[in-house]
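Reader: Could you walk me through this structure slowly? I'm in my first year, and I'd like to start with the empty spaces inside.
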Amino acid sequence: MTKKINLLMLLSLLLPFTGFAKDKGTEQEKAERMEWFKDAKLGIFVHYGIYSVNGIDESWSFFNGYISHEDYMDQLDGFSASKYDANRWINMFKDAGAKYAVLTTKHHDGVALWNSDTQHYNVVDDTPAGRDIVDPFVKALRKNDMKVGLYYSLIDWSYPDYPAFTRDSVRYKDNPVRWRSFTDFYFAQMEELSSRFNPDLYWFDGDWEHNAEEWKAKQLREKLFSYNDGLIINSRLRGYGDYMTPEQGVPVATPQSPYWELCLTMNNSWGYQHNDHNYKTPYQLLWTFVDCINKGGNLLLDIGPMQNGTIPEPQVKILEAFSRWTKKHEEAIYGTRKGLPEGHFFGPSAVSKDGKTLFLYVDRKPGIPLRLKGVASEIGDVRIVGSNVAPEYYREKQSGAVRIDIPEEGLDSDITVVAVDFEDEISLRKVEKSLTDDFVDYLEEDVRWRDKHLPLMGETQEGISRLHYSGPSLLSKDKQILYLIVDGKPNGPLVLKGLKNKINRIWVVGNATKLFHQIVGKLYWSSVPGIAYIDVPDSVLDPRGTVIAVLLDGPVSLYSEEGHVIESN
């Protein structure tokens, strides 16, 4: 995959261009071409290749000198694909709720997974598998009415006429004849993929090593569109792509581009690694999926099959968890658009394509009715998606806020979705008083709660944005203690995003129980913070509202940008 370029920096590189691509046609034509992608919400990324034989980092293992190139390529002899069943894979993906899938046809190691006529490595001629992997994958997707995505690495560190070889060695510099040899080679491979498989989407990678002119990006885009004028290309073609591709962490801020996709591993590895058991939980991944929906993007969830084509059992279990949740909540997933701006609801939300239904995602058993503020439209109905249980709701006469009470039997074990149907397209108005102030006022009405908590918290001030924590929060006077307020009973750990500080200690205010946290998705070379997950046991929950104190190593510092792409592993 890809390192060290922040997406804001990437966007700045693209500013001279119209959007991401030098796109033929109007913005309306692009919107029509991109509509299936914007509606899809969930795709599956498949990293499959010879690196699964030893279970090591794809390509980067030899580039970074963890293993010699010769020993890395010895994995060709162990790649059997003996249990590879594309139909089984795709049925599993479709059942999980995916609308498209992307297969690594060739990673930076140069090993093609199709029967290429170019003079270079491919699994048909050079491995015991002896068969084309891409062809049945594409056919299975088509048979299931799913969109076809093909990953292709522009980089080829094994090709004799590609300049870079390893991090510490290059084959040549400034040799136009050899570079032309390479570009002819990679154009020939792209023509093979387009003429044989005609994908709906190309997922390029590795563009950071050369500029657009050197890659011949403009000519490549034009060539690919000559095969399919409805084609979609990701952003990694030096300004000639259509959508953003942050990796390994949902952007904290909603991306400016209307088209984006988070690619995310289930554990810490893209391809299969036998020693990587650090899987994210189904709840964590579903929460991330909802976060993408809330911001108007897609999730491209990665799997890494074993060399024989078997999908590891932990990955199967995660796909099954997605299957349960997506089947139940289809209308709140596909075709939705980004949700409400800050201040209207505590938690993620999304809006139907016609603008008449608002979806509220609830990751807890609420202690009090949900509160929706600043919505001017007339309500037709309020429903629990995927349930026959009817919630109670009413509007407050003075504030116009909507209160929604979800019966316990209507709650989902992971994330409950409430649909608010409006008579007309949703209309918002200014919110005069913050949701946090409302909730704190409610808490302080109770003498027991007030006496238990306030003396221990001292003087506080406004907390952090919903971008970072989807609930009420406060800060100590010196901004070194972050107070996360918990309504009801969470379905999983609390999620804290974009926190740059080191966490020194976490405890329950008025209880003193020390809590623990886990940082997920922090990459050693990146300045982008990981996600802090804080487990809160039921035994410490206060029936009116629980306050979790997070002691930081200094005044709170938050990352509020769009994310990153990766250029190293």
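Author: A definition comes first: a cavity is a set of grid points where a 1.4 Å probe fits but cannot get out, and its volume is the space filled by probe spheres set on those points. Please keep in mind that this is a predicted model.

Reader: OK, so how many cavities of 30 Å³ or more are there in the whole structure?
Author: A search of the whole structure finds four of them, and the largest cavity has a volume of about 110 Å³.

Reader: Which residues lie nearest the centre of the largest cavity?
Author: Trp287, Asp291, Lys295, Arg466 and Ser470 lie nearest its centre, out of 13 residues that make up the lining. Helix α12 gives the most to that lining, namely three residues.

Reader: And what's the lining like, in terms of nonpolar, polar and charged residues?
Author: The lining of the largest cavity divides into five nonpolar, four polar and four charged residues.

Reader: Where does the largest cavity lie relative to the domains?
Author: The largest cavity lies between domain 1 (25–332) and domain 3 (435–552), because both of these domains give residues to its lining.

Reader: Let's move to pockets. What's the volume of the second largest one?
Author: The second largest pocket holds about 440 Å³ of space. Its lining is made of 27 residues, and those closest to the centre are Phe346, Arg364, Gly471, Pro472 and Asp487.

Reader: Which elements give two or more residues to that lining?
Author: The elements that do so are α12, β15 (370–372), α14 (435–444), β22 (481–486) and β24 (494–496). The largest share, four residues, comes from α14.

Reader: Same follow-up as before: how does the lining of this pocket divide, and why does the pocket lie between two domains?
Author: The lining of the second largest pocket divides into 18 nonpolar, three polar and six charged residues. As for the domains, domain 2 (349–422) and domain 3 (435–552) both give residues to the lining, so the pocket lies between them.

Reader: Switching topic, how many salt bridges does a search of the whole structure find?
Author: The search finds 40 salt bridges. One of them joins the side chains of Asp242 and Arg33, with an N to O distance of 3.0 Å. Because Asp242 lies in the loop between β8 (232–233) and β9 while Arg33 lies in helix α2 (residues 27–40), this pair ties together parts that are 209 residues apart in sequence.

Reader: Are those two buried or exposed?
Author: Asp242 is buried, and Arg33 is buried as well.

Reader: What about the salt bridge of Asp421 with Arg383?
Author: In that pair, the closest N and O atoms are 2.7 Å apart. Asp421 lies in strand β19 and Arg383 in strand β16 (residues 379–384), so the salt bridge ties together parts that are 38 residues apart in sequence. Asp421 counts as buried, at 17% relative accessibility, whereas Arg383 counts as partly exposed, at 23%.

Reader: Which residues are linked in a network of salt bridges?
Author: Arg371, Lys373, Glu396, Arg403, Lys433, Asp438 and Asp441 are linked in such a network.

Reader: Last one, why does Gln273 count as buried?
Author: Gln273 has 18% relative accessibility, and buried means under 20%, so Gln273 counts as buried. Gln273 is found in the loop between β9 (261–264) and α12 (282–294), and, not counting residues up to four places away in sequence, Gln273 touches Gly55, Ile56 and Asp57.

Note on methods
Residues are numbered from 1 along each chain as its sequence is written. This is a predicted model: local features need pLDDT of at least 70, side-chain atom pairs count only at pLDDT 80 or more; totals for chains, interfaces and linings use all residues. Side-chain values use heavy atoms; hydrogens and water are left out. Buried means under 20% relative accessible area, exposed over 50%, partly exposed in between (1.4 Å probe, protein chains only). Contact means heavy atoms within 4.5 Å. On a 1 Å grid over the protein atoms alone, a cavity is a set of points where a 1.4 Å probe fits but cannot get out, and a pocket is an open set with protein on both sides within 12 Å along at least five of seven lines; lining residues have an atom within 4 Å of a point. Ala, Val, Leu, Ile, Met, Phe, Trp, Tyr, Cys and Pro count as nonpolar, Asp, Glu, Lys and Arg as charged, and the others, Gly among them, as polar. Domain bounds come from an automatic or database domain assignment. A salt bridge is a side-chain nitrogen of Lys or Arg within 4 Å of a carboxyl oxygen of Asp or Glu.
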